[in-house]
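Q: Could you walk me through the charged side chains in this model? I'd like a close look at how they are placed and paired up.

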Amino acid sequence: MTTFDNSPRTVAEIAKNVILNATERSIPLTPENYHVWFEYFLDSNQELKTSINKLIASGKGFSQEINERLYNEYLKGGKTEILQEVHKETHKIFQNIFRATLSTNDLASDYSDKMEEYSKKLHDANDLTQMLNFIEDIIKDTNNMAESSKQLNQKHEEATSQIKTLSKQLEETEKEVLLDALTKLNNRKAFDRKINDLCERFDKNEGFFSVVMLDIDYFKKFNDQYGHQVGDEVLRIVGSHLKKNLKGQDIPSRYGGEEFIILLPDTKLDKAYIVAEQIRENISKKRLKIKKTEQTLGNITVSVGVSEIREGDTAISVVERADSALYLAKNSGRNNVKSEKEFESAETGT
């Protein structure tokens, strides 16, 4: 999300940097290229900045093709426009509240200080979760102030209604950002957040968990023989099965490609193995058929690996053990489940 002090001086300084940089690197200043480098010098899009810094460090030039890729990958489409609009509207509402409070004679000094602080935070906010927390704080403090200031009541009611609408919009956008578009499961970004949360709980002795990683067998065959639409349908079927059959606090995610990963909070390895076997068995009963021709393409099967969090583990290490167990399952004929214990036994020959 683009957030900055939009004073003429700030905008002019960034624009000057963009133009000097474009001249130095022989970059044509198309609207798209200007947007890329404005965001770079604005320093609000860290993924874009990291990517450009790597290119600079590598000594590569910035061709039109590279600039187009940067624009398409980091700025075009997605949620950029809606987030910018939400931020603009939030800023407008906030300023209305702030002006109203400044004109109120009985304004409490501590509330005035808070509003000044919010004004600064608004410009620095560049994360959806940050924005949601910020909005909640505005509502809470404005509620408290409105109780003792009759002059603010009408403005407060209007602003609270608008802020709640924007808050809901942000929540919905946050959910979309964390969903895999094809399977409607959590995506990799959401998975990383959730496993890090579980690891923190484990480090505080507040809970344990197991990891189940599964890979669709011979997935490349579906794509190569029947096309990517059939491959996408296979992914949707597996995703739908996980979503419908995992209950309660279990967390299924699409890990990438044809791999899925499941977090099982408060579940030991032996129980997680049973869950994994049930998933494997139920998916193996799924037969893929082309509706138009009634052609049967065979059953969908998966190979599965299971691990459990241990003392000294990180999110990476516990996933790596599940991945190693998964590859043992694939090397053992596919369509089966292996645990980290079986992998470690195979490694040591015991």
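**Charged side chains up close**

A: Let's start with E200, which is partly exposed because its relative accessibility is 46% (buried means under 20% relative accessible area, exposed over 50%, partly exposed in between, with a 1.4 Å probe and protein chains only). Before going on: this is a predicted model, where local features need pLDDT of at least 70, side-chain atom pairs count only at pLDDT 80 or more, and totals for chains, interfaces and linings use all residues. Residues are numbered from 1 along each chain as its sequence is written, and side-chain values use heavy atoms, leaving out hydrogens and water.

Back to E200: this residue sits in helix α9, which runs over residues 188–203. Together with D197, D203 and E311, E200 makes up a negative surface patch (patch residues have over 30% relative accessible area and no salt bridge, with like charges joined within 9 Å).

Now for the paired charges. The whole structure has 15 salt bridges (a side-chain nitrogen of Lys or Arg within 4 Å of a carboxyl oxygen of Asp or Glu). In one of them, K49 reaches D43 with 3.7 Å from N to O. The two ends sit differently: K49 is buried, at 18% relative accessibility, whereas D43 is partly exposed, at 39%.

Another bridge joins D215 and K330, at 2.9 Å from N to O. D215 belongs to strand β1 (residues 209–216) and K330 to helix α13 (residues 315–331), so this bridge ties together parts that are 115 residues apart in sequence. Both ends are covered: D215 is buried at 6% relative accessibility, and K330 is buried with a relative accessible area of 14%.

K338 pairs with E342, and their closest N and O atoms are 4.0 Å apart. E342 is partly exposed, with 30% relative accessible area. There is also a bigger arrangement to look at: R310, D313, R321, E340 and E344 are joined into one network by salt bridges that share partners.

E340 from that network deserves its own look. You'll find E340 in helix α14, residues 340–348, and E340 is buried, with a relative accessible area of just 4%. Once neighbours within four places in sequence are set aside, E340 is in contact (heavy atoms within 4.5 Å) with L269, V306, S307, E308, R310, R321 and A325. Among those contacts, R310 and R321 are also members of the salt-bridge network.

Notes
Patch = residues over 30% accessible without salt bridge, like charges linked within 9 Å, V, L, I, M, F, W, Y side chains within 5 Å. Areas by Shrake-Rupley, 256 points an atom, 1.4 Å probe, with all protein chains shown as cover. Lys, Arg positive; Asp, Glu negative; His and termini not counted. Charge placed at Lys NZ, Arg CZ, Asp CG, Glu CD. Helix = DSSP H or I, 4+ residues; strand = E, 2+ residues; numbered from the N terminus.
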